[in-house]
Amino acid sequence: MTDNVVLGMLIDFSLLSLLAFGGMTAVLPELQRVVIDKNAWIDQRTFTDLYSMGYAMPGPNVLIGTMIGFYLAGAWGALVATLALTLPAAVMTYFIAKVCPNFRESNLRRAIQRGLLPITVGLTFAGGYLVTRGSNDSWLAYALTAVTIAVVLRTTLHPLWMIGAGAVLGLLGWV
């Protein structure tokens, strides 16, 4: 079973790597579809928990993949998942930077970037929706999510304050 899971992660996560414009949050909906709907490796709650742990750790947001890999297949799974989610995009970026040095200033690059911007924003919001749906199971949790979104969008207050407030409410058993 573990070998099939590792091979599946290698293939599926490598493809996701090439689509991750804007980082892992932009491909979170597809990552969720791959690990929950397509392969049934984990359930929604586990996905949300692994996302939260990966996001809380210092480092890049690609750690969600590392956490999923570790959960499914231990250290070997974590290594394969991490490499599959980073190496294809890194190789593609290196190739474009070295082979096409004029691409940085090209009109084609600008057009591609302008076209991908709204897609990336939309996918990022979809990723946020998935995490909200997977972690909120009470009206207070949904209210806290709404307040957090409003505070982050309308003030300069650091989001860690809202995370801290959520942690306190969780410790009190309110959410």
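This briefing walks through the overall build, the pockets, two helices and a few individual residues of the structure above.

The model is a predicted one, so please read every value here as computed from that prediction. The protein has seven helices and zero strands, and its elements follow one another from the N terminus as α-α-α-α-α-α-α. Two pockets stand out for a closer look: the largest holds about 1500 Å³ of space, and the second largest has a volume of about 660 Å³.

**Overall build**

- Taken along the principal axes, the C-alpha atoms fill a box of roughly 55 × 45 × 25 Å.
- The protein has 175 residues, and buried residues make up 34% of them.
- Counting contacts between residues at least 6 apart in sequence, 58% join residues at least 24 apart.

**The largest pocket**

- The space in the largest pocket comes to about 1500 Å³.
- The largest pocket is lined by 33 residues, and the closest to its centre are Tyr51, Tyr55, Val131, Thr148 and Ile163.
- Five helices give two or more residues to this lining, namely α2 (24-38), α3 (44-56), α5 (107-135), α6 (139-154) and α7 (159-171).
- The largest share of the lining, eight residues, is supplied by α5.
- By residue class, the lining of the largest pocket splits into 18 nonpolar, 13 polar and two charged.

**The second largest pocket**

- The volume of the second largest pocket is about 660 Å³.
- Its lining consists of 24 residues, with Phe21, Met92, Thr93, Ile96 and Phe103 the closest to the centre.
- At least two lining residues of the second largest pocket come from each of α4 (63-99) and α5.
- With eight residues, α4 gives the most to the lining of the second largest pocket.
- By class, the lining residues of the second largest pocket are 17 nonpolar, five polar and two charged.

**Helix α3 and Thr48**

- Helix α3 has 13 residues and spans 18 Å from its first C-alpha to its last, close to the 18 Å expected at 1.5 Å a residue.
- The buried residues in α3 are Gln44, Thr46, Phe47, Thr48, Leu50, Tyr51 and Gly54.
- These buried residues of α3 pack against α2, α4 and α5.
- Thr48 is a residue of helix α3, and its relative accessible area of 2% makes it buried.
- If neighbours within four places in sequence are left aside, Thr48 is in contact with Leu130, Val131, Gly134 and Ser135.
- Tyr51 ties two topics together: it is buried in α3, and it is among the residues closest to the centre of the largest pocket.
- Val131 likewise appears twice, as a contact of Thr48 and as one of the residues closest to the centre of the largest pocket.

**Helix α6 and its two sides**

- Helix α6 has 16 residues and reaches 22 Å from first C-alpha to last, close to the 22 Å expected at 1.5 Å a residue.
- Its buried residues are Ala141, Leu144, Thr145 and Val151.
- These buried residues lie on the same side of α6 because they cover an arc of only 135° around the axis.
- Trp139, Leu153 and Arg154 are exposed on the other side of α6.
- The cover over the buried residues of α6 includes α5 and α7.

**Exposed residues worth a look**

- Trp76 is placed in helix α4, where its 53% relative accessibility counts as exposed, since the cut-off for that class is over 50%.
- From Trp76 to Ala143 the chain runs 67 residues, and their C-alpha atoms are separated by 39 Å.
- Ala40 sits in the loop between α2 and α3.
- The relative accessible area of Ala40 is 59%, and the residue is exposed.
- Ala40 has a positive phi of about 55°, although it is not a glycine.
- For context, most residues other than glycine have a negative phi.

How values were computed. Residues numbered from 1 in each chain as written. Predicted model: local features only at pLDDT ≥ 70, side-chain atom pairs only at ≥ 80, totals over all residues. Heavy atoms only, no water. 1 Å grid on protein atoms, 1.4 Å probe; cavity = no way out; pocket = protein on both sides within 12 Å on 5 of 7 lines; lining within 4 Å. Points joined across faces, edges and corners; volume = space filled by probe spheres on them. Helix = DSSP H or I, 4+ residues; strand = E, 2+ residues; numbered from the N terminus. Nonpolar A, V, L, I, M, F, W, Y, C, P; charged D, E, K, R; others polar. Expected span 1.5 Å × (residues − 1). Buried < 20%, exposed > 50% of the residue type's maximum accessible area, 1.4 Å probe, protein only. Arc of directions from axis to C-beta. Contact = heavy atoms within 4.5 Å.
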